[in-house]
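User: I have a model open and would like to go through its surface, its salt bridges and a hairpin with you. Can we start from the structure itself?

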Amino acid sequence: MSVVPYKDKQGSKKEQVATMFDNISGNYDFLNHFLSLGIDIAWRKKAIRQLKDLRPKQILDIATGTGDFAIEALALKPDKVTGVDISEGMLAVGRQKMKKKGLDQKIELLSGDSEALQFEDNKFDAVIVSFGVRNFEHLEKGLADMYRVLKPGGRTVILEFSKPKSFPFKQLYHFYFKWILPKIGNTISKDQAAYTYLPESVRAFPDGQNFLEILEKVGFKNTQCKPLTLGISSIYIGTK
């Protein structure tokens with residue numbers, strides 16, 4: 001059974017995730033950086049560097065949210081970055097951010113379903129995702145659609161939370177993730193479910209080698225997993 005944000009409500013995981021992000025969109029950027037002590041910024045930079053040799057001109061950012069990963073992708077000097085997300089609330093914040101930074105000509109943010117992308121086959125040089133794939137309702141379907149819109153020889157780079165394995169960091173991490181993070185997140189975001197869902201979704205996510213096997217199952221080759229910060233998150237790479 002899928003982990004969902006609102007266990008007492010009806011609706012698919014996709015619908016509930018969209019509602020959750022709409023609810024927390026106003027505080028999302030602040031909480032992202034605050035709860036990770038700003039480490040998430042360094043993670044995104046390192047993930048984008050995995051595409052430096054490819055020099056992609058057309059980049060698709062799945063589950064773009066407010067567009068932080070799309071902005072980071074501009075370091076690669078692409079012609080265009082297209083971001084898609086199911087949360088109109090997050091996109092609204094992102095569009096304001098792009099306009100304020102003068103980036104709305106380089107980055108286009110669109111409403112879209114990651115499992116049914118409205119793009120033709122073989123369109124993008126690179127497809128990137130930052131902390132979004134664990135929110136897919138149907139993981140394989142979403143990854144397969146990412147593969148479909150990627151050009152032959154193109155590359156996907158996925159940044160996602162994973163589960164630390166070494167003592168005592170594993171125990172400290174789980175304590176923070178289970179007890180501290182939800183309390184802070186719920187207090188600031190005013191959404192009691194969002195930051196309880198976060199650790200639950202991470203626990204349920206098939207990280208490490210398990211995720212590489214799913215990438216390979218949908219067609220990706222030369223897959224790699226690069227753990228970050230003692231395994232709190234990982235960069236996954238695959239080529240079409």
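Analyst: A starting point is W179, which counts as partly exposed because its relative accessibility is 43%; buried means under 20% relative accessible area, exposed over 50%, and partly exposed in between, with a 1.4 Å probe and protein chains only. This is a predicted model, in which local features need pLDDT of at least 70 and side-chain atom pairs count only at pLDDT 80 or more, while totals for chains, interfaces and linings use all residues. Residues are numbered from 1 along each chain as its sequence is written, and side-chain values use heavy atoms, with hydrogens and water left out.

User: Where does W179 lie?

Analyst: W179 lies in helix α7, which covers residues 169–189; helices (H or I, at least four residues) and strands (E, at least two) are DSSP runs, numbered from the N terminus.

User: And what makes the nonpolar surface patch?

Analyst: F175, W179 and I180 make a nonpolar surface patch of about 310 Å². Patches take residues with over 30% relative accessible area and no salt bridge, joining like charges within 9 Å and nonpolar side chains (Val, Leu, Ile, Met, Phe, Trp, Tyr) within 5 Å, and the areas come from the Shrake-Rupley method with a 1.4 Å probe, where for residues only the protein chains shown count as cover.

User: Which residues form the positive patch?

Analyst: The positive surface patch is formed by K46, R49, K52 and K77, and of these R49 is found in helix α3, residues 39–49. Lys and Arg count as positive and Asp and Glu as negative, with His and the chain ends not counted; the place of a charge is taken as NZ of Lys, CZ of Arg, CG of Asp or CD of Glu.

User: Switching to pairs, how many salt bridges does the structure hold?

Analyst: The structure holds 18 salt bridges, each being a side-chain nitrogen of Lys or Arg within 4 Å of a carboxyl oxygen of Asp or Glu. One of them is formed by R155 with D53, the closest N and O atoms being 2.9 Å apart. Because R155 lies in strand β5 (residues 150–161) and D53 in the loop between α3 and β1 (58–62), this pair ties together parts that are 102 residues apart in sequence.

User: Are R155 and D53 buried or exposed?

Analyst: R155 is buried, with a relative accessible area of 14%, whereas D53 counts as exposed at 57% relative accessibility.

User: What about D207 and K165?

Analyst: Their side chains meet in a salt bridge at 3.9 Å, N to O. The pair links distant parts of the chain, with D207 in the loop between α8 (194–204) and α9 (209–217) and K165 in the loop between β5 and α7, 42 residues apart. D207 counts as buried at 9% relative accessibility, while K165 is exposed, with a relative accessible area of 64%.

User: Which residues are joined into one network?

Analyst: K14, D113 and E115 are joined into one network by salt bridges that share partners.

User: Last topic, the hairpin: how many bridges join β6 to β7?

Analyst: Six bridges join strand β6 (residues 221–228) to strand β7 (residues 233–239), and the two strands run antiparallel; strands pair if DSSP finds at least two bridges between them. β6 and β7 form a hairpin with four residues between them, and T229 in the turn has a positive phi of about 50 degrees. L228 stands opposite S233 in β7.
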